[in-house]
Amino acid sequence: MEDVQHFVGRPRVSVPRTAVPENYRVVGPNSVVTMDYRPDRLTIRVDENDRVESLACG
């Protein structure tokens, strides 16, 4: 995860597809999400301007 943390604060579209695993989801401020924990899934949280707030597994 350390190798993608530099995308925090940048527009979501700046995260290259090659840096994202096959199993991922994008979560916005009003997104409804399940609370299941999936260690193989990358969760990209974005703000209302589609800028990356955080990247985390689960």
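**Salt bridges and Arg-41**

Me: Which residue does Arg-12 form a salt bridge with?
Reply: Arg-12 pairs with Asp-50, and the closest N and O atoms are 3.0 Å apart. Keep in mind that this is a predicted model.

Me: Where do those two sit along the chain?
Reply: In distant parts, 38 residues apart. Arg-12 is in the segment before E1, while Asp-50 lies in the loop between E2 and strand E3 (52–57).

Me: Buried or exposed, that Arg-12?
Reply: Arg-12 is partly exposed, at 32% relative accessible area. Asp-50 is partly exposed as well, with 27%.

Me: OK, how many salt bridges are there?
Reply: The count is three. Arg-38 and Asp-40 make one of them, at 3.9 Å from N to O. Another joins Asp-36 and Arg-41, with 3.7 Å between the closest N and O atoms.

Me: And how accessible are Arg-38 and Asp-40?
Reply: Arg-38 is partly exposed at 34%, and Asp-40 is partly exposed at 47%.

Me: Switching to Arg-41, where is it?
Reply: Arg-41 is in the loop between strand E1 (24–27) and strand E2 (42–46).

Me: Why does Arg-41 count as buried?
Reply: Because its relative accessible area is 6%, and buried means under 20%. Its salt-bridge partner Asp-36 is partly exposed, at 35%.

Me: What backbone oxygens does the Arg-41 side chain reach?
Reply: The Arg-41 side chain reaches the backbone oxygen of Gly-58 at 2.6 Å and that of Asp-36 at 2.9 Å.

Me: What else is Arg-41 in contact with, leaving aside neighbours within four places in sequence?
Reply: The contacts of Arg-41 include Asn-23, Tyr-24, Arg-25, Thr-34, Ala-56 and Cys-57.

Notes
Residues are numbered from 1 along each chain as its sequence is written. This is a predicted model: local features need pLDDT of at least 70, side-chain atom pairs count only at pLDDT 80 or more; totals for chains, interfaces and linings use all residues. Side-chain values use heavy atoms; hydrogens and water are left out. Helices (H or I, at least four residues) and strands (E, at least two) are DSSP runs, numbered from the N terminus. Buried means under 20% relative accessible area, exposed over 50%, partly exposed in between (1.4 Å probe, protein chains only). A polar contact is a pair of N or O atoms within 3.5 Å; within protein, one must be able to donate a hydrogen and the other to accept it, and residues adjacent in sequence count only if both atoms are side-chain atoms. Contact means heavy atoms within 4.5 Å. A salt bridge is a side-chain nitrogen of Lys or Arg within 4 Å of a carboxyl oxygen of Asp or Glu.
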